[in-house]
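Colleague: Please take a close look at the aromatic rings in this model and at the part of the fold that carries one of them. A connected account, with the cut-offs stated, would be appreciated.

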Amino acid sequence: MWSDLTGWTASLIPPLPPRAPLTVQGRLTRVVGMTLEAEGIDVGIGQPCELLTLSGPVRAQVVGFNESRVFLMPMGPAQGLKVGLPVKPLAHAQGIPVGPGLLGRVIDANGKPLDNRGPLTQIAFAEPDGRVINPLDRHPISEPLDVGIRAINGLLTVGKGQRIGLFAGSGVGKSVLLGMMTRFTKADVVVVGLVGERGREVKEFVDHILGEAGLRRAVVVASPADDVPLLRLNASHLATGIAEYFRDQGKDVLLLMDSLTRYAQAQREIALSIGEPPATRGYPPSVFAKLPQLVERAGNGRAGGGSITAFYTVLTEGDDLQDPIADASRAILDGHVVLNRRLADEGVYPAIDVEASVSRVMPSVVSESQLAMAQTFKGLMANYRQNRDLISMGAYQAGADPALDEAIQKQPALKRYVSQRMSEAVDMAAAQLGLGELLVKSDPPRNGAKA
């Protein structure tokens, strides 16, 4: 009887609605520079939070902690901050946008369109950090990639899946060279990451250097210099993640990151602001740990899959190739192309310093004859450069050194070979043919002839 009565009583009480999960809010305790400190919240590294200011919500991301203090970095303009503001943890983002709908679009570091062409369509969401590929599972680099640049195709041949650095000072023409490779490279998809560049350069790159034809098969991720450091970091990872998606679809991807130095500087700003000690010329250790983590995500996928051939620009302050970031980048990349200011001043564009540049995978992707011709070309350039002062002063007499005589005779042709117009594409076959014709042995100048 009691059981019947209990059941009848329970039927009269409506069930309680499901209880929402408890959200614990913290409070803002300190602001130093761009670092926010909060207490009273249980969050992990990388988790987004929201600060409720009188000017509206401000989004921030957790970048560190010290006992009960949590360090956050704003993900955009932060106005109206004051002590005691509530800090609310948010759920992790759904991932980065990927998919064919990104082709031809320009997006920001958060994956939102910048080109005023409406919302993104045909996209899905993927993990922002990508998947680690066992190095023994990667397909070896065995095929050359035609980038449409004569000097690179003939003398510094790039392989599919190679990671190579483009080292240049300011105003030497690296953006123009990137634009040429974007248009001329025989790749299925091109992903361009413009990280930390001037906002004016973003529009110029898209409209004039990349052009409408180049944009059709490209995805541009832009985070200009006035973005907060966290967004510049996110833009680099977003561009790499998009390239990984297309590689996993079996496509050959060209990833152009401009620049790796701005990525390192963004990480330096974040690390120093939360108290990490500087190590090398003001760069904390985490910078040199982050660089290979980003670069190693590029390269070939598993056998039968696609590839990511990556070019990372590295800014050499004062044309100093011993800059810490330049030095660290050379150690983790598969080669480097150096742009020389002296060549640019002489009107040689692209101003590629062939002697200072190297492609570490070139012996694996070209024939022995082309490799020998490239070495001969470099030898002629080096011989002329080493004796340039003697030649300029008239102290060298023709006939004294047959090898130098040949270098002097061929010098104009050598410069013409590495020069190329912005609108001119030179494929691999044409670059090899031109190199062979250039190095055909010819008679040295007669004794007494003007050098």
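**Rings, charges and one helix**

Modeller: The charged end of Arg 183 lies over the ring of Phe 184, at 5.2 Å from the ring centre; such a placement requires NZ of Lys or CZ of Arg within 6 Å of the centre and within 35 degrees of the ring normal. The model is predicted, so local features need pLDDT of at least 70 and side-chain atom pairs pLDDT 80 or more, while totals for chains, interfaces and linings use all residues. Residues are numbered from 1 along each chain as its sequence is written, and side-chain values use heavy atoms, without hydrogens or water.

A search of the whole structure yields three aromatic pairs, where rings of Phe, Tyr and Trp (its six-membered ring) pair if their centres lie within 6.5 Å, with planes under 30 degrees apart stacked, over 60 edge-to-face and the rest tilted. One of them joins Tyr 245 and Phe 246 edge-to-face, at 5.1 Å centre to centre and 75° between the planes. Tyr 245 is partly exposed at 22% relative accessible area, whereas Phe 246 is buried at 3%; buried means under 20%, exposed over 50% and partly exposed in between, with a 1.4 Å probe and protein chains only. Tyr 283 and Phe 288 also pair edge-to-face, at 6.2 Å and 65°. Here Tyr 283 is buried at 3% relative accessibility and Phe 288 partly exposed at 26%.

A further charge, that of Arg 150, sits over the ring of Tyr 417, 5.8 Å from its centre. Tyr 417 is one of the buried residues of helix 13, which also include Leu 404, Ile 408, Lys 410 and Leu 414. Helices are DSSP runs of H or I with at least four residues, strands runs of E with at least two, numbered from the N terminus. The buried residues of helix 13 pack against helix 2 (150-155), helix 11 (368-386), helix 12 (388-393) and helix 14 (428-438), a contact being heavy atoms within 4.5 Å.

At the start of helix 13, a side-chain oxygen of Asp 401 comes within 3.1 Å of the backbone nitrogen of Ala 403. A kink of about 50° is located at Lys 410, shortly before Pro 412; the bend is the angle between axes fitted to the seven residues ending at a position and the seven starting there. The 17 residues of helix 13 (residues 402-418) should span 24 Å, in agreement with end C-alpha atoms 24 Å apart; the expected span is 1.5 Å times one less than the number of residues.

Key. A polar contact is a pair of N or O atoms within 3.5 Å; within protein, one must be able to donate a hydrogen and the other to accept it, and residues adjacent in sequence count only if both atoms are side-chain atoms.
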